[in-house]
Amino acid sequence: EIHDSHAAPPLIATRLNLELPIGFQALGDWSAPDSIRSESPDGHPVYAGKAKFTREIRIQEDVEPGESDVTCSIRYQACNARHCLAPKDLKLSAAVSVSRK
């Protein structure tokens with residue numbers, strides 16, 4: 001399990017941050033899975049199993065056709081009922097192809 005995005009210190013809340021090219025705009029908030037109660041004694045909210053996060057991105061009409069990279073930085077901490085691993089920082093990238101018809 002990982003702490004949900006509303007976890008208060010000293011817990012490490014799950015955080016996602018998009019790094020977008022010029023002309024790309026994130027819309028709204030992240031869509032996150034429903035949290036459940038942790039197996040730990042305090043039962044704080046966590047994401048468990050597979051956790052899928054999504055966010056809509058708008059590409060402005062003046063963006064030139066071609067490939068651009070969209071990057072997402074993720075910070076999280078995995079735990080079980082007895083202990084937590086060190087926090088992790090990941091960076092994921094995806095190539096986005098823009099075409100105009």
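Does Arg75 count as buried, partly exposed or exposed, and what is its relative accessibility? The points below address this question and the sheet around Arg75.

1. This is a predicted model, in which local features need pLDDT of at least 70 and side-chain atom pairs count only at pLDDT 80 or more, while totals for chains, interfaces and linings use all residues. Residues are numbered from 1 along each chain as its sequence is written, and side-chain values use heavy atoms, without hydrogens and water.

2. Three strands (DSSP runs of E, at least two residues, numbered from the N terminus) form an open sheet in the order β2-β7-β8, with antiparallel pairing. Strands β2 (15–19) and β8 (88–98) each have a single partner, so one side of each lacks a neighbour in the sheet.

3. Strand β7 (residues 66–76) pairs with β8 in the antiparallel sense over eleven bridges; pairing requires that DSSP find at least two bridges between the strands. Val70 stands opposite Ala94 in β8.

4. The count of salt bridges (a side-chain nitrogen of Lys or Arg within 4 Å of a carboxyl oxygen of Asp or Glu) comes to two. One of them joins the side chains of Arg75 and Asp89 at 2.7 Å, N to O. Arg75 lies in β7 and Asp89 in β8, so the pair ties together parts 14 residues apart in sequence.

5. Arg75 is partly exposed, at 32% relative accessibility, and Asp89 is exposed, at 54%. Here buried means under 20% relative accessible area, exposed over 50%, and partly exposed in between, with a 1.4 Å probe and protein chains only.

6. Glu19 and Lys91 also meet in a salt bridge, at 3.5 Å, N to O. Glu19 belongs to β2 and Lys91 to β8, so this pair links parts 72 residues apart in sequence.

Notes:
Helix = DSSP H or I, 4+ residues; strand = E, 2+ residues; numbered from the N terminus.
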